[in-house]
Amino acid sequence: MKIRLEGTGGPEGWPVPGCPCASCGRLAPGHRRPASIVLDGRVRLTDARPPAGYVIRRTADGCEVTGPGGGRLLYAVGPATGSPGRDADAPFDVVLMDLPDRPERLGDLRRRGRVTPATRIVAVHLDHRVPAESELARRLALWGATAVLDGTVMDTASAEAEPWARPRRTLLLGGSRSGKSEEAELRLAAEPEVTYVATGPSGGDDPAWLARVRAHRERRPAHWRTVETTDLVSVLSGGPGTLLIDGIGTWLAAAFDECAAWPDGTPTAGHRAALDRVAERCDALTAAWRGTRARVVAVSDEVGLGVIPATPAGRLFRDALGRLNQALARESEDVALVVSGRVVPLPL
């Protein structure tokens, strides 16, 4: 089944005519025309009665098409409506998906076996929800997908999936409200299985903290698993899988609490011993990070860019976290700094 993508843009194309946003301003008019798909030169997905040999089903996964030769296409655009997709059906050869909208839909399809490593995944409905083509390409590479030009023709019988290579250990650094947690979630959105490891406190009766925790939970895909723990050594040693750890700073604060290592104003041998216990925990975490068999993305605070903390406790924590960040970065294939929602790679 030949698939011709006459247009790959959103409902109004990309750039949107007359739109003053920065994303649209970076592109020439007509860069991507509104999405339009033609099958074998004669079938459109909007056809109420497709020709003989074509089966078109509208399910919760999208518009599913099976061609005369058995080729399988999924067009996943817009809200999920219709009957549930049948996981027992053959996997799709090609998936055309609105990935800027909800990339976690791709992760769910992978989890259920409807998308396999042989499936070619192409992003459509592309528009100014993405800042630029370069950022689109970066995200799609993280998700094992690609974008093609308007007018591209592909065949379900010969479609080749994009290579999906991901770093095993990624450390994302950033200041408060920099977008580092959102970036971590975005990187893993298309994974079939993710364990979200929350190291922060429950929040108790603090309304602001509870609201922040709730916002994080609501942002995460429904099929992700959540574990609340500070025992990161055990988590990292638990075998293969995909982990998102958020974050290293709250883990270190918990270690200070558990080791009674916060300064009380008077240096003592007991306090030095407590700091040694914190250092031992940091060494153990670094060793577990080095030896893990999981794919892991961890979020940590970059604490060295602001003013010098006013309290001894603040200075002690800043120095300890800075040392820990360096140790983890040395054992990471990928390290990046997130500033105002923009990702700055930190290559060796």
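**Strand β10 and the four-stranded open sheet**

In strand β10, the residue Leu172 has Ala336 of strand β15 as its bridge partner. This pairing belongs to a predicted model, in which β15 comprises residues 334–339 and runs parallel to β10, the two being joined by five bridges. A further parallel pairing links β10 to strand β14, formed by residues 295–301, and here six bridges connect the two strands; within this pairing, Arg169 of β10 is matched with Val296 of β14.

The side chains of β10 were also examined with respect to direction and burial. Arg169, Leu171 and Leu173 point one way from the strand, whereas Thr170, Leu172 and Gly174 point the other way, and all of these residues are buried. Because six of the six residues of β10, which spans residues 169–174, are buried, the strand is largely enclosed by the rest of the structure.

Another part of the model contains an open sheet of four strands, arranged in the order β3-β2-β1-β9 and paired in antiparallel fashion. The edges of this sheet are occupied by β3 (43–44) and β9 (152–155), each of which has a single partner strand, so that one side of each is left without a neighbour in the sheet. Strand β1, made up of residues 2–7, is joined to β9 by four bridges, and the two strands run antiparallel; across this pairing, Lys2 stands opposite Asp155 in β9. Both arrangements described here fall under the general scheme of sheet formation, in which strands pair through backbone hydrogen bonds, either parallel or antiparallel.

Conventions:
Residues numbered from 1 in each chain as written. Predicted model: local features only at pLDDT ≥ 70, side-chain atom pairs only at ≥ 80, totals over all residues. Heavy atoms only, no water. Buried < 20%, exposed > 50% of the residue type's maximum accessible area, 1.4 Å probe, protein only. Pairing = 2+ DSSP bridges.
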